[in-house]
Every structure is written in C-alpha cells, then in structure tokens.
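Let's take a walk through this one, starting with charged pairs and ending up in the core. Keep the 3D view open as you read.

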Amino acid sequence: MVTKQVNDAHDDADLRRADSLAREIFSDVANKWALLIIEALGERTLRFTQLRDTVEGISHKMLTQNLRMLERNGLVVRTVHPTVPPRVEYSLTEPGRALRETVDVMCEWTQRHLGHIEAARHRFDV
C-alpha cells in the first residue's frame, strides 16, 4: 500500500511537471514568429540572414529572440562553423520537425475551413 501511494504521488508530480512544461512551451511557441521560423526551416538548414529573408517582416531582434527560445526548448539546433567570420546555421531537431508536422496540420485545417471562418467573421463584424 505504501508503495502504491508513493508511486501515485510520483505519477501526480510527473503529471504536474509535464503540464507546467506544456503550458510554458505552448506560451513560447504560440506566436506567429516561432511558427513561421519552424515552417521556414522545414527539412533544411539555413543561416541567420537566409532565415530573416525567408520570414517576411521579422526584425533582427525578433528573429534572434525566437531562435534562442526555440533552441532553449530543444526545437532548433544552432551550429557554429569555425570559420572567419564564423558561419552559424540553424535547423530543426527531431522534436522541432514533429512540431512542424502539427503546424502543417493546423494550416491544412485553416484551408479546409476557410470559407466557414470568413463567413463567421463577416457575420460577427457586421
């Protein structure tokens, strides 16, 4: 019985930790820049300037902040090549690629329901 209680307490603590981490990650990546960066990287490796050119409208500061956050969360890997000047490249990790698949599903959902969404917005805004 004691073991069961200890295991249940351990499981509850794990669930709370997982829930807290999920909220933190959702808060981090649920912004347009992070999602656009993830989509831009896709299956390829890009340098900072290539990413900035690909993600239309993003500032140097916002790209830097979002890349650091994505790297901190293990979604992006930053590779520094020992050249002069240093060449820095970014690519998605396996979890980052898995998140990109989820983003793709969200985009497909939007396309599939575009007419409904636009009609609802029109009715709401009138």
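Before picking out any pairs, let's fix a term: a salt bridge here means a side-chain nitrogen of Lys or Arg within 4 Å of a carboxyl oxygen of Asp or Glu. Keep in mind, too, that what you're looking at is a predicted model. By that rule, the count comes to five salt bridges, and we'll visit some of them.

Start on helix α1, which spans residues 2-29. Here the side chains of aspartate 14 and arginine 17 come together in a salt bridge, at 3.1 Å from N to O. Both sit in α1, three residues apart, or about one turn of the helix. How exposed are the two partners? Arginine 17 has 56% relative accessibility and so counts as exposed, while aspartate 14, at 27%, counts as partly exposed.

Stay on α1 and you'll find another bridge, between arginine 23 and aspartate 19, with an N to O distance of 3.0 Å. These two are four residues apart in the helix, again about one turn. Arginine 23 is exposed, with a relative accessible area of 59%, and aspartate 19 is partly exposed at 38% relative accessibility.

Now for a pair with a longer reach along the chain. Glutamate 39 and arginine 100 meet through their side chains in a salt bridge of 3.4 Å, N to O. This one links distant parts of the chain: glutamate 39 belongs to helix α2 and arginine 100 to helix α5 (residues 94-112), and 61 residues separate them. Glutamate 39 counts as partly exposed, since its relative accessibility is 30%.

Glutamate 39 has brought us to α2, so let's look at what this helix packs against. Helix α2 (residues 32-41) packs with helix α4 (residues 60-72) at an angle of about 75°, and their axes are 10 Å apart. Angles of 65 to 115 degrees count as roughly perpendicular, so α2 is roughly perpendicular to α4. Which residues make the contact? From α2 come Trp33, Ala34, Ile37 and Ile38, and from α4 come Met62, Leu63, Asn66, Leu67, Met69 and Leu70. Sorted by class, that is nine nonpolar residues, one polar and no charged ones.

One name from that contact, Ile37, is worth following. Setting aside residues up to four places away in sequence, isoleucine 37 touches Leu51, Val55, Ile58, Leu63, Asn66, Leu67 and Leu70. Ile37 also appears among the residues with the most contacts inside the largest nonpolar core, along with Leu41, Leu51, Leu67, Leu70 and Tyr90. That core has 21 residues. Which elements give two or more residues to it? They are α2, α3 (48-54), α4 and β3 (87-92). The largest share, six residues, comes from α2.

Strand β3 makes a good last stop. Arginine 87 lies in this strand, and it counts as partly exposed because its relative accessibility is 30%. Leaving out neighbours within four places in sequence, arginine 87 is in contact with Arg47, Thr79, Val80 and His81. To get a feel for the span, measure back to arginine 16: the C-alpha atoms of arginine 87 and arginine 16 are separated by 40 Å, with their positions 71 residues apart along the chain.

Conventions: Residues are numbered from 1 along each chain as its sequence is written. This is a predicted model: local features need pLDDT of at least 70, side-chain atom pairs count only at pLDDT 80 or more; totals for chains, interfaces and linings use all residues. Side-chain values use heavy atoms; hydrogens and water are left out. Axes are lines fitted to C-alpha atoms, for helices over the stretch in contact, and angles run from 0 to 180 degrees between N-to-C directions. Angles under 35 degrees count as roughly parallel, over 145 as roughly antiparallel, 65 to 115 as roughly perpendicular and the rest as oblique. Contact means heavy atoms within 4.5 Å. Ala, Val, Leu, Ile, Met, Phe, Trp, Tyr, Cys and Pro count as nonpolar, Asp, Glu, Lys and Arg as charged, and the others, Gly among them, as polar. A nonpolar core is a set of buried Ala, Val, Leu, Ile, Met, Phe, Trp, Tyr and Cys residues joined through side-chain atoms within 4.5 Å. Buried means under 20% relative accessible area, exposed over 50%, partly exposed in between (1.4 Å probe, protein chains only).
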